[in-house]
Every structure is written in structure tokens, then in C-alpha cells.
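Colleague: Could you take a close look at one part of this model for me, and tell me how its pieces are arranged?

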Amino acid sequence: KAGAVAGKTCFETWAQRKTPCPWCLAPEAWAKGKAQHLEVEAEGTWWDAHWLPISEDLYMHYAFDISEKKKAEQTLKNSEKMLKTALDAGQLGIWDWDMVSGKIKWESHHERLFGFKEGEFDGRFETFEKRIHPDDIAGLKVQVEKAKKEQTEYSCEYRIIWPDGTLRWIAGN
């Protein structure tokens, strides 16, 4: 009901979670005449909670248990953190080449390996190719074309030239 005030138990319980109590926020939602949506955790269960104002004194509430989704998100975050740590430690880079559009997507580690500043690589093969030592371009292209044709991985070593002239060896897969 409009003007409801959170009780002491509610306050103590939700304050520990550092998450606003969705039931205490509901009056604000219908006072503004707008729907409210929150993802909240209660007693180890995550809820996707919605409040829809029907009238000044009436609202509809529904919620979905999204605990499995939240667990999967946390697992993915942990996995990404471990992958980033491994990439940093090994000075490795990851890239993906969309054969249909021709766009190459590099993550920041890969950009650094090739001497680009983060976000500088434009995703074009021609930009990537400009960093490859002229004597190594033909061999790399042969390996890439073979991998495309056979739909397999490629493996080769080639040199790249950074903008400052530094020469580096890359083991590409």
C-alpha cells in the first residue's frame, strides 16, 4: 500500500545484503506510477522481481528464481578472471576472425603483442598484415588459407614489426 514503511526486521535483514529491500521500494514504484524491476538476493536465492502499479493502492508483483543464472554468471566471471591471469602471465593473446565479414576481433593482450594501443586495432586483415614482416607474409597467408580450406587450425611462426621498428617473433595458432 502507498506510504508503507519498512519494518525493523526488514531493514536489518536487507541492510546486511547491501541491496535495497524490493518490498520497501515497491511503494516508490507505484507512487511514481512506474513499474519497478530489481534482481535481488534473499536467503541464498536470487530473484528477478517486478512490481507493476495497477492503481494508487494496488500493485502486481511477480518474481522468477534466477539463482542458476546468477551461479552461471559468477562461474563465467571467475573463468574470465583466470583466463586473463593466464594470458597476462604467459604474455599471450586471443583473437577471432569472422570469415564471412572478414573482421578480426582481438582482445587487449593480442593488441599489445602486435604493438597496438588498446582499442587501436580496427579489425581489418589489412591492418594486421601491415605489422607482419614482408618476408613472412606469403608463408602466413599459405597457412591461413590452408586452415580456411580444411577448416582446421593453423600453426606458424612469423615476425612482426612494431611502429618503433622493434622486431618480434609470434607463434601463431
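**The hairpin and the aromatic rings**

Modeller: In this predicted model, strand E1 (residues 36-42) and strand E2 (residues 45-55) pair in the antiparallel sense over 7 bridges. Within that pairing, Gln 36 of E1 stands opposite Trp 51 in E2. The hairpin that E1 and E2 form has 2 residues between the strands, and there Glu 43 takes a positive phi near 55 degrees. The side chains of E1 alternate along the strand: Gln 36, Leu 38, Val 40 and Ala 42 point to one face and are buried, whereas His 37, Glu 39 and Glu 41 point to the other face and are not buried. Within E2 (residues 45-55) there is also Trp 46, and Lys 70 lies over the face of its ring, at 4.7 Å from the ring centre.

Turning from the hairpin to ring contacts elsewhere, a search of the whole structure finds 5 aromatic pairs. One of them joins Phe 114 and Phe 128 in a tilted arrangement, with 5.5 Å centre to centre and 55 degrees between the planes. This pair links distant parts of the chain, since Phe 114 sits in the loop between helix H4 (108-113) and helix H5 (125-130) while Phe 128 belongs to helix H5, 14 residues apart. Phe 114 and Phe 128 are both buried, and ring pairs link them with Phe 125 and Tyr 158 into a cluster. A further contact with a ring involves Arg 131, which lies over the face of Phe 116 at 3.8 Å from the ring centre.

Key:
Residues numbered from 1 in each chain as written. Predicted model: local features only at pLDDT ≥ 70, side-chain atom pairs only at ≥ 80, totals over all residues. Heavy atoms only, no water. Buried < 20%, exposed > 50% of the residue type's maximum accessible area, 1.4 Å probe, protein only. Helix = DSSP H or I, 4+ residues; strand = E, 2+ residues; numbered from the N terminus. Pairing = 2+ DSSP bridges. Phe/Tyr/Trp six-rings, centres within 6.5 Å; stacked < 30°, edge-to-face > 60°. Lys NZ or Arg CZ within 6 Å of the ring centre and 35° of its normal.
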